[in-house]
Amino acid sequence: MTASDLYLATPILQDGEAFLPDLVRGLAAQPPAALLLRLADAPESRLITQIQKIQPLVQAQDIALMLEDRPALALKTGCDGVHLSTGFAASSVRDVRKSIGDALQLGVAVGASRDAAMRAGEDGADYVCFSAEGAEGTAQDEDEPEDLTALVRWWCLMMELPAVVLAPEPNDVAGFVQAGADFIMPAATFWAHPQDWPSLA
């Protein structure tokens, strides 16, 4: 078993500036390897302003800044990568990989689907992100792992592509670490009570 790194994700932000105190507190409590910035829909100029307010606080600490679902904007603003959510439908993973080249990291959320994870890897993802979200209504093969922990364990044993796993609650972390997850992504409740989450340091 290898150690897991912390990968934080913001809530979907309407006002990035208002979130700054929570961001500073959370990064100080548990410094992550990466931060996923999730922004609500807004004009591009406003999105750029929000990114620029958060960016220095993150990248100055050698924390990778990943932007959700906006590949072109991630390139334009100097983010370290882009993370495609399960709801991303603007283009295929393969097309996004082509558009960003090797300049940015590319992560893909795959819910609890082994097949989706394998396709993402084939299409150029640098990591896949597993979660219980989006599992409803997903057809599974007979040999599909029974639960998320089993899926993560299988993936980390069989595949080289790094795995991120979304942990809904603090007490879920240990099981995912033991399963071999490369990165643990706490749920958005982390920001209200970062001290409640176990340290991965």
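In this predicted model, eight strands form a closed barrel: the 8 strands follow the order 1-2-3-4-5-6-7-8 and pair in parallel. From one strand to the next, the twist averages 25°. As a reminder for newcomers, strands of a sheet pair through backbone hydrogen bonds, and the pairing can be parallel or antiparallel. One place to look at this pairing is between strand 5 (residues 105–111) and strand 6 (residues 127–130), which run parallel and are joined by 4 bridges. Here Gly111 has Phe130 of strand 6 as its bridge partner.

Helices lie across these strands. Helix 5 (residues 114–122) lies across strand 5 and strand 6, and runs at about 165° to strand 5. Helix 2 lies across strand 1, strand 2 and strand 3 (64–68), with an angle of about 165° to strand 2.

Helix 1 rewards a slower look. This helix spans residues 16–29, 14 residues in total, and reaches 19 Å from its first C-alpha to its last, close to the 20 Å expected at 1.5 Å a residue. Along the way, helix 1 bends by about 35° at Asp22. The N-terminal end of helix 1 is capped by Asp15, which places a side-chain oxygen 3.1 Å from the backbone nitrogen of Glu17.

Burial adds to the picture of helix 1. Its buried residues are Gly16, Phe19, Leu20, Leu23, Gly26 and Leu27. Among the elements that cover these buried residues are strand 1 (5–13), strand 2 (34–39) and helix 2 (44–59). Strand 1 and strand 2 thus appear twice in this account: they help cover the buried residues of helix 1, and helix 2 lies across them.

Definitions and conventions. Residues numbered from 1 in each chain as written. Predicted model: local features only at pLDDT ≥ 70, side-chain atom pairs only at ≥ 80, totals over all residues. Heavy atoms only, no water. Helix = DSSP H or I, 4+ residues; strand = E, 2+ residues; numbered from the N terminus. Expected span 1.5 Å × (residues − 1). Bend = angle between axes of the 7 residues up to and from the residue. Buried < 20%, exposed > 50% of the residue type's maximum accessible area, 1.4 Å probe, protein only. Contact = heavy atoms within 4.5 Å. Polar contact = N/O pair within 3.5 Å; in protein donor to acceptor, adjacent residues only side chain to side chain. Pairing = 2+ DSSP bridges. Axes fitted to C-alpha atoms, helices over the stretch in contact; angles between N-to-C directions.
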